[in-house]
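The exercises below go through one structure step by step, each with a task and a worked solution. Please look at the sequence and the model first, and then try each task before reading on.

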Amino acid sequence: MAEKLGKGQISREFSGLPLKALLGAPLKATADANAMLARSQTQFMLSTCFEKKPDADGQERLSPKMIQFKLERAVINPDGSVAKVPAEMNFTIPLLTLVPLSSLAVDELDISFEMEVKSSTEHNFEKAEDREKSADGNDVTHPYRSDHFTCEMHGTIAKSSRSNQSEDGSRSATANARYDIKLHAGKLPLPVGLTTIIDIFSKNIAPIQLKEGANQAEEANEKNKEDEE
Amino acid sequence: MSFQTNIPCPDCGSNILIDSTLLLSGEKFACTNEACSAVLSLDESSITQVRDAFDKYEELKRKSQESTS
Ligand SMILES: [Zn+2]
């Protein structure tokens, strides 16, 4: 049988909770969510925008998937009029540059509650000789041991009482314990490494203009190869 | 659901704004630079590949929103 939470019982549910757990649990959950998001975005990028191809050594490497675009440009006739048929060319770009990737992650976490501190416990694991050493002058180089000292606060989430007056004039009081967690997910800037790759891909969309000298150089290279053979 | 993206113009380097749904329907997109006459569209040979990537991207976006809400 389900038990109903009575007056004051809600706040008792939180009593005895250490402050560390109240603050740490939402933080850990947020960090876990962010790690999961980053992983799924990386998986999407690698599996959708890249494909495995064997290289010259026969080893499989990830190569960007390329997609083909058609580009039309207006042609101006020698007499200054616009030609009816535009010039057309095909070019390929990596699929990665077309997908607006962004690092979506929880960028703000707001935890709010009022706490009545009921008890605090201090655990000191420091040995007597360590204590003597640290008391010996102000040696700041003395190794800091965080595990030698812990302090925990236990308390209850403060309950707020609200009284309501009903039609027959009787008053009833309700107790609420508030523990608010607000999450905000936003876009974080992409890692520099990824933006550099996308930038290089984007810059390479432009067609390469071959100069007359370059053509001659290529012809000369081919002639040299023929001579060698 | 469609989304907006942009690619640099191969001719002048300005941005060409692209709508994902219109791109897949074969629509042409003009360069935002008024002095440039470049117009581009997706080649039919790449439509399936791009549609598949866009679908997966939408799915990723939906899952990301679900896990952070
Ligand atoms: Zn342009």
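**Exercise 1. Describe the elements of chain B and the order in which they follow one another.**

Solution. Start with the count: chain B holds two helices and four strands, where helices (H or I, at least four residues) and strands (E, at least two) are DSSP runs numbered from the N terminus. Then read along the chain from the N terminus, which gives the order β-β-α-β-β-α. This is a predicted model, in which local features need pLDDT of at least 70 and side-chain atom pairs count only at pLDDT 80 or more, while totals for chains, interfaces and linings use all residues. Residues are numbered from 1 along each chain as its sequence is written, chains are lettered from A and ligands numbered from 1 in the order in which they are written, and side-chain values use heavy atoms, with hydrogens and water left out. As a last step, take burial: of the 69 residues of chain B, 43% count as buried, a word that stands for under 20% relative accessible area, with exposed for over 50% and partly exposed in between (1.4 Å probe, protein chains only).

**Exercise 2. Work out how chain B and chain A meet, and which parts of chain B take part.**

Solution. Begin with contacts (heavy atoms within 4.5 Å): 31 residues of chain B are in contact with 32 residues of chain A. The two chains bury about 2700 Å² between them, 67% of it on carbon and sulfur atoms; this area is the accessible area (1.4 Å probe) that two parts lose on being put together, summed over both. Next come the salt bridges, each a side-chain nitrogen of Lys or Arg within 4 Å of a carboxyl oxygen of Asp or Glu. The count between the chains is two, and one of them joins the side chains of B:Lys28 and A:Glu72 at 3.0 Å, N to O. On the side of chain B that touches chain A, β1 (4-8), β4 (39-42) and α2 (47-68) each supply at least two residues, and the largest share, 11 residues, comes from α2(B).

**Exercise 3. Trace the sheet to which both chains contribute, and find its edges.**

Solution. First write down the order of this open sheet of four strands, β5(A)-β4(A)-β4(B)-β3(B), with antiparallel pairing; two strands pair if DSSP finds at least two bridges between them. The edges are β5 of chain A and β3 (29-30) of chain B, each with a single partner strand, so one side of each is left without a neighbour in the sheet. Now go through the pairs that involve β4(B). Strand β4 (residues 66-73) of chain A pairs with β4(B) over four bridges, and here A:Glu72 stands opposite B:Val39. On β3(B), B:Ala30 also has B:Val39 as its bridge partner, within a pairing of β3(B) and β4(B) that has two bridges.

**Exercise 4. Follow the hairpin of β2(A) and β3(A).**

Solution. Strand β2 (residues 50-54) and strand β3 (residues 60-64) of chain A run antiparallel and are joined by five bridges, among whose residues A:Pro54 stands opposite A:Glu60. Between the two strands of the hairpin there are five residues, and A:Gly58 in the turn has a positive phi of about 85 degrees.

**Exercise 5. Is A:Thr97 buried or exposed?**

Solution. Locate A:Thr97 in the loop between β5 (87-94) and β6 (103-112) of chain A. Its relative accessibility is 8%, and therefore A:Thr97 counts as buried.
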